Amino acid sequence: MAEIITRQRNWAPWFGLLLALIAILSNAGFFLVLPGQRAIPWLSVGLAIAALFCAAVGIMRAFRQSQVYKGKTSSAILGGLSLLICGLVAIAAVTSRALPTAAGAPQVGQKVPGFTLADTNGNKVSLDQLLGKGEAATKTVSLVAPPANQSPTAMSTAMPTKAVLLVFYRGYW
Amino acid sequence: MDTPEVSRNLATKAGYTFPILSDPTAETISRYNLLHKGGGPEGSNIARPAEFLVDTSGTVRWTNFTEDVRIRAKADEMLAAARGLK
């Protein structure tokens, strides 16, 4: 009877679940534009590993040292939850890095291939136009979004094109 | 690959004033060696994320190729690269 009273609370699986939750919620850091965003993927995976370690410690304590620690059922449930959340962290880590190499893409010092593509109004726009060359030299594109009271064309007549930023993005989905 | 209509809706909603070009056949994306086969919705082909700062001679002056789709070049990084051009 005295043994039951003195059995300790098993905090490890709770701590593990907390770490697993922080690991998955750290992905919100990408949307908050925090300065350390490059560290987030590693932080997230590191926290997930620590979470699984805590969950394992909690389960071992509950089942192997049941005379010392409580919480067989709770450690199993919390461990399962932690494993599930860490699985999601792992999937996010693997899928977001599943990108083809950019080794064949134009590198610094190389010329970029030209193109002519339709803009949002269906008008054909060429790279030369964007660079301020050729017949449409007056219709240049400024890098910086103009103030709200100025249209992009009004801005570009005052500022000659210095460079063009080409952003390849994956679409809105 | 988004159509001009999809991009127009986005530009209107978000207030973008820069040109958004559409590459429905992925011809330009392929020429830049940036095709991500099956990377888009329902296995469609899209571009891998990439940013190039190109000077008026058409020469690349700065690039950013992320290895993780969650990490993208931030506006201030791109502006700093543009300001650094002589």
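## Confidence

Chain A of this predicted model has a mean pLDDT of 84, with 80% of its residues at 70 or more. Among the elements of chain A, helix H2 (residues 12–25) has the highest mean pLDDT, at 96, and helix H6 (residues 152–158) the lowest, at 46. Over residues 135–158 of chain A, pLDDT stays under 50, and the model has 32 contacts beyond four places in sequence for that stretch. Where pLDDT is low, the predicted coordinates should not be read in detail.

Chain B has a mean pLDDT of 91, and 100% of its residues reach 70 or more. Within chain B, confidence is lowest in helix H1 (residues 4–14), with a mean of 89, and highest in strand E4 (residues 60–64), with 96. For the complex, the predictor gives an ipTM of 0.93 and a pTM of 0.79.

## Helix packing in chain A

Two packed helices are described by the angle between their axes and the distance between the axes. For H2(A) and H3(A) the angle is about 165° and the axes are 7 Å apart. H2(A) is therefore roughly antiparallel to H3(A), and H2(A) passes H3(A) in a left-handed crossing. From H2(A), the residues that meet H3(A) are Ala12(A), Pro13(A), Phe15(A), Gly16(A), Leu19(A), Ala20(A), Ile22(A) and Ala23(A). On the H3(A) side, the residues include Leu47(A), Ala50(A), Cys54(A), Val57(A) and Arg61(A). By class, this contact of H2(A) with H3(A) has 15 nonpolar, three polar and one charged residues.

Helix H3 (residues 40–64) of chain A also packs against helix H4 (residues 72–96) of chain A, where the axes come within 9 Å and cross at roughly 160°. H3(A) and H4(A) are therefore roughly antiparallel to each other. H3(A) passes H4(A) in a left-handed crossing. Among the residues in this contact are Pro41(A), Val45(A), Leu52(A), Ala62(A) and Phe63(A) of H3(A), and Lys72(A), Leu78(A), Leu83(A), Cys86(A) and Val89(A) of H4(A). The contact of H3(A) with H4(A) has 16 nonpolar, five polar and one charged residues. Ser44(A), Ala48(A), Ala51(A), Ala55(A), Gly58(A) and Ile59(A) of H3(A) appear in the contact with H4(A) and also in the contact with H2(A).

## Fold of chain B

Chain B contains three helices and four strands. Read from the N terminus, its elements run α-α-β-β-β-β-α. The C-alpha trace of chain B spans about 40 × 30 × 30 Å along its principal axes.

E3(B) and E4(B) pair in the antiparallel sense over four bridges. In this pairing, Val54(B) stands opposite Val60(B) of E4(B). The two strands form a hairpin with four residues between them, and Gly58(B) in the turn has a positive phi of about 85°.

## A sheet shared by the two chains

On the pairing with chain A, strand E3 (residues 163–168) of chain A and E3(B) run in the antiparallel sense over six bridges. Leu165(A) stands opposite Leu53(B) in E3(B), and the bridge partner of Val167(A) is Glu51(B), also in E3(B).

The result is an open sheet of three strands in the order E3(A)-E3(B)-E4(B), with antiparallel pairing. E3(A) and E4(B) stand at the edges with a single partner strand each, so one side of each is left without a neighbour in the sheet. Neighbouring strands of this sheet are turned by 15° against each other on average, direction ignored. In a regular strand the side chains alternate between the two faces of the sheet.

## Interface

The contact between the chains takes 49 residues from chain A and 51 residues from chain B. On the chain B side, the elements that give two or more residues are H1, helix H2 (27–31), strand E2 (46–47), strand E3 (50–55), E4 and helix H3 (75–83). The residues on this side divide into 28 nonpolar, 11 polar and 12 charged.

Strands E3 and E4 of chain B thus belong to the side that touches chain A, and both are also members of the sheet shared with E3(A).

Conventions
Residues are numbered from 1 along each chain as its sequence is written. Chains are lettered from A and ligands numbered from 1 in the order in which they are written. pLDDT is the predictor's confidence in each residue, from 0 to 100. Axes are lines fitted to C-alpha atoms, for helices over the stretch in contact, and angles run from 0 to 180 degrees between N-to-C directions. Angles under 35 degrees count as roughly parallel, over 145 as roughly antiparallel, 65 to 115 as roughly perpendicular and the rest as oblique. A crossing is left-handed if the near helix is turned anticlockwise from the far one by less than a right angle, and right-handed if clockwise. Two residues are in contact if their C-beta atoms, placed from the backbone, lie within 7 Å. Ala, Val, Leu, Ile, Met, Phe, Trp, Tyr, Cys and Pro count as nonpolar, Asp, Glu, Lys and Arg as charged, and the others, Gly among them, as polar. Two strands pair if DSSP finds at least two bridges between them.
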